[in-house]
Amino acid sequence: MDTPRNVFTPAKLGPVTLRNRIIKAATFEACTPNALVTEDLITYHRLPAAGGVGMTTVAYLAVAPGGRTEGRQIWWRPEAIPGLRRLTDAIHAEGAAISAQIGHAGPVADARSNKAKAYAPVRFFNPLAMRFARKASRDDIDDIMAAHAKAARFAIDAGFNAVEIHLGHNYFASSFLSPLINRRTDEFGGSLQNRAKVARGTVMAVRRAVEAAGTPIAVTAKLNMADGVRAGISLEESLQTAKWLEEDGGLDAIELTAGSSLVNPMYLFRGGAPVKEFAGAFKPPLRWGIRMTGKKFFREYPYREAYLLRDAKLFRAELKMPLILLGGITNRETMDLAMAEGFDFVAMGRALLAEPDLINRIQADGDRHSVFSACTHCNKCMATIYSQTRCVVTGSPDYTAVGTPG
């Protein structure tokens with residue numbers, strides 16, 4: 001039997017070498033009030049970079065204005081590149097790599113705050129936006145695929161080491177994969193082979209753009225293993241999609257995720273369901289509606305370490321390509337378990353939000369396994385994405401603690 005990988009050894013992610021196998025997962029930062037990079041956004045990512053991660057991931061860099069989940073998010077355009085370059089330079093100065101999550105929110109997009117059309121496989125009502133997403137035409141689909149390719153070229157210009165294509169959480173590509181949402185009867189609906197065309201086409205458009213640019217960056221994707229809802233994306237169908245993505249050869253790794261931003265977000269997060277806090281982030285009457293119906297939307301799932309491991313092992317058994325394990329990675333013991341099960345990288349979200357220096361402390365602790373995360377899995381941080389994302393337990397990140405990078 002092969003010796004398990006050491007999570008703290010350097011590792012290749014496609015053409016990029018990371019100093020270790022730990023990735024900060026994409027979590028919306030709420031640090032861009034004008035849809036441009038701010039010092040707060042740089043601080044948000046500098047802290048975990050200084051804290052020891054191999055790579056940090058910038059969340060929700062939309063490929064089009066209408067692809068944002070709300071209007072403050074950055075979308076790829078020339079005006080955004082200088083700030084993104086300052087961000088990547090700051091992360092590189094800390095010795096870490098940086099990835100850009102590129103995607104289109106599809107039916108999750110907020111057409112009201114974006115002041116732009118939202119698109120879905122079929123006409124779809126978004127209750128948070130109080131707007132309908134329109135049914136995407138063939139031309140719309142082609143335009144969104146092309147926008148992903150353009151975003152990858154922008155990411156290269158901005159100095160990113162990797163791009164992560166968002167194929168999860170019922171965003172645009174994921175909504176096409178979902179038999180619950182995708183009720184089309186044309187070439188993009190019906191069979192899984194048809195429903196997977198958007199995801200596969202998007203990945204290959206990005207891969208071609210990266211190869212044409214001639215600059216070696218990694219291309220990864222975030223893929224739902226399951227939506228956690230009846231008639232949604234199933235493990236069996238997702239595994240087949242992953243096999244096709246592997247065969248297509250467009251990806252250097254897949255990060256395995258779960259849950260639906262539309263109907264079941266807690267299937268990804270696990271732990272406490274912050275209905276009261278989430279409702280408090282909105283004005284009436286939406287606040288009242290969330291308080292009355294929130295428990296149906298925020299279904300509560302018990303937290304345990306490596307809670308996506310059981311499903312992810314099915315993918316590890318069938319795929320040869322590198323896989324990134326997400327979900328309940330908070331301590332050295334769980335990292336070592338992921339390595340022993342054959343995963344190439346681990347991704348962390350809430351634990352690093354609570355303690356950006358957690359990785360350095362775990363590494364310094366060595367084999368004692370005595371360092372544990374301060375994250376209580378209360379998920380109250382979820383409601384802070386409407387103000388400025390932070391941990392309500394530790395108060396991290398402290399946006400005033402780190403000076404402007406030189």
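**Cavities**

I began with enclosed spaces in this predicted model and counted eight cavities of 30 Å³ or more. I recalled the principle behind such a search: rolling a probe the size of a water molecule over the atoms shows where empty space is left. The volume of the largest cavity came out at about 100 Å³. I then asked which residues are closest to the centre of the largest cavity. Cys375, Cys378, Asn379, Cys381 and Cys391 hold that position, out of 14 residues that line the cavity. I sorted this lining by character and obtained nine nonpolar, three polar and two charged residues.

**Second largest pocket**

I turned next to an open space, the second largest pocket, and noted a volume of about 190 Å³. Its lining consists of Arg112, Met130, Ala281, Phe282, Lys283, Pro285 and Leu286. I classed five of these lining residues as nonpolar, none as polar and two as charged. I marked Met130 for a second look, as it lines this pocket and also belongs to the turn of a hairpin.

**The open sheet**

I followed Met130 to the hairpin that S7 and S8 form, in which four residues lie between the two strands. Met130, in the turn, has a positive phi of about 55°. Strand S7 covers residues 124–126 and runs antiparallel to S8, with three bridges between them. I found Phe125 opposite Phe132 in S8.

I then looked at the pairing of S8 with S6. Strand S6 (residues 119–120) is joined to strand S8 (residues 131–135) by two bridges, and here the strands run parallel. Ala120 has Lys135 in S8 as its bridge partner. What is the order of the strands in this open sheet? I read it as S6-S8-S7, a sheet of three strands with mixed pairing. S6 and S7 are the edge strands, each pairing on one side only.

**The barrel**

I traced a second arrangement of strands, a closed one. Eight strands form a barrel in the order S3-S4-S5-S9-S10-S11-S12-S13, and their pairing is parallel. From one strand to the next, the twist averages 30°. I noted a general point for reading such strands: in a regular strand the side chains alternate between the two faces of the sheet.

I chose one pair from the barrel for inspection. Strand S4 spans residues 55–62, strand S5 spans residues 97–103, and six bridges pair them in the parallel sense. Thr56 stands opposite Ile98 in S5.

I also asked which strands helix H13 lies across. Helix H13 (residues 332–340) crosses strand S3 (22–24), strand S12 (323–326) and strand S13 (345–348), and it runs at about 140° to S13.

**Single residues in loops**

I located Trp75 in the loop between S4 and helix H2 (81–93). Leaving out residues up to four places away in sequence, I listed its contacts as Ala35, Ala62, Ala64, Pro65, Arg68 and Ala80. I also took the distance between the C-alpha atoms of Trp75 and Pro4, which is 40 Å for two residues 71 apart along the chain.

I found His169 in the loop between strand S9 (162–167) and helix H5 (172–177). Is the phi of His169 positive or negative? I recorded a positive value near 60°, in a residue other than glycine.

I placed Gly190 in the loop between H5 and helix H6 (192–195). Apart from neighbours within four places in sequence, Gly190 is in contact with Arg184 and Arg195. Its C-alpha atom is 27 Å from that of Arg316, which is 126 residues away along the chain.

**A cis peptide bond**

I examined the segment after helix H15 (358–365), where Pro397 is found. The peptide bond that joins Ser396 and Pro397 is cis, with omega about -5°.

**Confidence**

I closed by checking how far the prediction may be trusted. The pLDDT of the chain averages 94, and 98% of the residues score at least 70. Where is the pLDDT below 50? I found such values over residues 402–406, a stretch with nine contacts in the model beyond near neighbours in sequence. I kept a general caution in mind here: where pLDDT is low, the predicted coordinates should not be read in detail.

Technical notes: Residues numbered from 1 in each chain as written. Predicted model: local features only at pLDDT ≥ 70, side-chain atom pairs only at ≥ 80, totals over all residues. Heavy atoms only, no water. Pairing = 2+ DSSP bridges. Axes fitted to C-alpha atoms, helices over the stretch in contact; angles between N-to-C directions. Contact = heavy atoms within 4.5 Å. 1 Å grid on protein atoms, 1.4 Å probe; cavity = no way out; pocket = protein on both sides within 12 Å on 5 of 7 lines; lining within 4 Å. Points joined across faces, edges and corners; volume = space filled by probe spheres on them. Nonpolar A, V, L, I, M, F, W, Y, C, P; charged D, E, K, R; others polar. pLDDT = per-residue confidence, 0-100.
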